[in-house]
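Below is a short note on the model under review, set out as numbered points. Please read it with the structure open.

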Amino acid sequence: MEHRAVKHSHADAFFSESARVCSIIDTIKVEAMATELAALRDRAGRLFIIGVGGAAANCSHAINDFRRLCGIEAYTPVDNVAELTAHTNDDGWHTVFSAYLEISRLSANDAILIYSVGGGDVERNISTNIVKAIDMAKARGAKVFGIVGRDSGYTAKHGDVVVVIPEVLPVWITPLSESFQAVVWHCLVSHPLLQRRATKW
């Protein structure tokens, strides 16, 4: 019984903090991103979704949803492990995303969407590949969107529309940020401005 009570206590706390995120997240920013993504599709622009670690897995899932449900031409460099590791081997991890965007001829018609906890930090040398991708996008006039866990990171400071997942409990910033990346993109792909194809269930 004691073991079950401890598990119950953790679950209660985690879902309580998740509910708090839901209650204070900036829904105006989410709506603004939906509007921007609809405009991206209308101008036949492409969406490149970028992330590392757990966020990289989120990128793959989101690509499917944006393509199938919303009819947005979307890609992620993390789906091609051969190209990703070739760039890493030849030029370094910090260039993997900018190199992919270069080959993809990223233009002002396109946008990138960053999934990250910290959002990149030059001074601390964290996720500099994300920083370089943002710099390239800005230089080429492409839109920069983000769903991140820190308002102090590079994405939040330099993005055009960035949803910052509220930090309700510092020890859970990573699990809640990565979980809510999925919540936000599912909100977007089910948005009436964006969804064109119904789900089966």
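Is C187 buried, partly exposed or exposed, and what is its relative accessible area? C187 is partly exposed, at a relative accessible area of 35%. The model is a predicted one, and the points below should be read with that in mind.

1. Cysteines. The structure holds 0 disulfides. C187 takes part in none, and the nearest cysteine sulfur to its own, that of C22, is 10 Å away. For a disulfide, the two sulfur atoms would have to be within 2.5 Å. C70 is likewise in no disulfide; here the nearest cysteine sulfur is that of C187, 11 Å away. In terms of cover, C70 is buried, with a relative accessible area of 0%, whereas C187 is partly exposed.

2. Elements. The protein chain has 8 helices and 5 strands. Read from the N terminus, their order is α-α-β-α-β-α-α-β-α-β-α-β-α. The chain thus opens with two helices and ends with one, as the order shows.

3. Overall dimensions. The protein chain has a radius of gyration of 17 Å, which agrees with the value near 17 Å for a compact globule of 201 residues. Along the principal axes, the C-alpha atoms fill a box of roughly 60 × 40 × 30 Å.

4. Burial, surface and contacts. Of the 201 residues of the protein chain, 47% count as buried. The accessible surface amounts to about 10200 Å², and carbon and sulfur atoms contribute 55% of that area. Among contacts with a separation of 6 or more, 70% are between residues 24 or more positions apart.

5. Charges. The protein chain carries 20 positive and 22 negative charges. The mean positions of these two sets are 6 Å apart.

6. Helix 5. This helix covers residues 96–103, and 6 of its 8 residues are buried, so it is largely enclosed by the rest of the structure. The buried residues are V96, F97, S98, A99, Y100 and L101. What do these residues of helix 5 pack against? Their partners are three strands and two helices: strand 1 (46–51), strand 2 (73–75), strand 3 (111–116), helix 4 (81–91) and helix 6 (128–140).

7. Backbone at R105 and N125. Just after helix 5, R105 takes a positive phi of about 55°. R105 lies in the loop between helix 5 and strand 3, and at 63% relative accessibility it counts as exposed. N125 also has a phi near 55°, a positive value in a residue other than glycine. N125 is found in the loop between strand 3 and helix 6 and is exposed, with a relative accessible area of 58%. A reader checking backbone geometry can look at R105 and N125 together.

8. Helix 2. This helix spans residues 27–42 and includes A38, which is buried at a relative accessible area of 9%. Which residues does A38 touch, leaving aside those up to four places away in sequence? They are L193 and L194. The C-alpha atoms of A38 and L194 are separated by 5.9 Å, although the two residues are 156 residues apart along the chain. A32 also lies in helix 2 but is partly exposed, with a relative accessible area of 29%. Between A32 and D90 there are 38 Å in space, C-alpha to C-alpha, for 58 residues of separation in sequence.

9. Helix 8. L176 lies in helix 8, which runs over residues 173–189. At 3% relative accessibility, L176 counts as buried. Beyond residues up to four places away in sequence, L176 touches F14, E17, S18, V21, I165 and V168. For one of these, F14, the C-alpha atom is 8.8 Å from that of L176, with the two positions 162 residues apart along the chain counted as their separation.

10. Reading the pairs together. Sequence separation and distance in space can be set side by side for three pairs. A38 and L194 are 156 residues apart along the chain and 5.9 Å apart in space. L176 and F14 are 162 residues apart along the chain, with 8.8 Å between their C-alpha atoms. A32 and D90 are 58 residues apart in sequence, with 38 Å between their C-alpha atoms.

Definitions and conventions
Residues numbered from 1 in each chain as written. Predicted model: local features only at pLDDT ≥ 70, side-chain atom pairs only at ≥ 80, totals over all residues. Heavy atoms only, no water. Helix = DSSP H or I, 4+ residues; strand = E, 2+ residues; numbered from the N terminus. Rg over C-alpha atoms; globule rule 2.2 N^0.38 Å. Buried < 20%, exposed > 50% of the residue type's maximum accessible area, 1.4 Å probe, protein only. Contact = heavy atoms within 4.5 Å. Areas by Shrake-Rupley, 256 points an atom, 1.4 Å probe, with all protein chains shown as cover. Lys, Arg positive; Asp, Glu negative; His and termini not counted. Charge placed at Lys NZ, Arg CZ, Asp CG, Glu CD.
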